[in-house]
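Please look at the structure shown below and follow how its helices meet, beginning with one pair of them and then moving along the chain.

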Amino acid sequence: MLLGTANVIFWQFFIAADMLMVGYVTTALHGLFVVLQISAAVAAGRRTSVPVRFP
């Protein structure tokens, strides 16, 4: 999420470098990575919600 936010904050660099397509692609990929990481965390949380008994 941090990298995607940095892309948005420094968007003017993509404009100045005439690399808007790179900006669109990298920002979209960072958003996708955030969604995938959150879904993995939710799935892992569901698997580990069983109480563990220690002897």
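In this predicted model, Leu3, Gly4, Asn7 and Val8 of helix α1 meet Thr26, Thr27 and His30 of helix α3. Sorted by class, the residues of this contact are two nonpolar and five polar ones, with no charged residue taking part.

Two packed helices are described by the angle between their axes and by the distance between those axes. For α1, which covers residues 2–9, and α3, the angle is about 150 degrees and the axes are 8 Å apart. Angles over 145 degrees count as roughly antiparallel, and α1 and α3 are therefore roughly antiparallel to each other. The crossing in which α1 passes α3 is left-handed.

His30 deserves a second look: this residue is found in α3, the helix of residues 20–47, and, leaving aside its neighbours within four places in sequence, His30 is in contact with Leu3, Gly4 and Asn7. Within α3 itself, a polar atom of the His30 side chain lies 2.8 Å from the backbone oxygen of Thr26.

We can now turn to the stretch that leads into α3. Asp18 lies in the loop between α2 (11–16) and α3, and its phi is near 55 degrees, a positive value in a residue other than glycine. Because its relative accessible area is 70% and the cut-off is over 50%, Asp18 counts as exposed. Leu20, by contrast, has its place in helix α3 and counts as partly exposed, at 33% relative accessibility. Apart from its neighbours within four places in sequence, Leu20 is in contact with Trp11, Phe14 and Ile15.

Methods. Residues numbered from 1 in each chain as written. Predicted model: local features only at pLDDT ≥ 70, side-chain atom pairs only at ≥ 80, totals over all residues. Heavy atoms only, no water. Helix = DSSP H or I, 4+ residues; strand = E, 2+ residues; numbered from the N terminus. Polar contact = N/O pair within 3.5 Å; in protein donor to acceptor, adjacent residues only side chain to side chain. Contact = heavy atoms within 4.5 Å. Buried < 20%, exposed > 50% of the residue type's maximum accessible area, 1.4 Å probe, protein only. Axes fitted to C-alpha atoms, helices over the stretch in contact; angles between N-to-C directions. Parallel < 35°, antiparallel > 145°, perpendicular 65-115°, else oblique. Left-handed = near helix turned anticlockwise from the far one by under 90°. Nonpolar A, V, L, I, M, F, W, Y, C, P; charged D, E, K, R; others polar.
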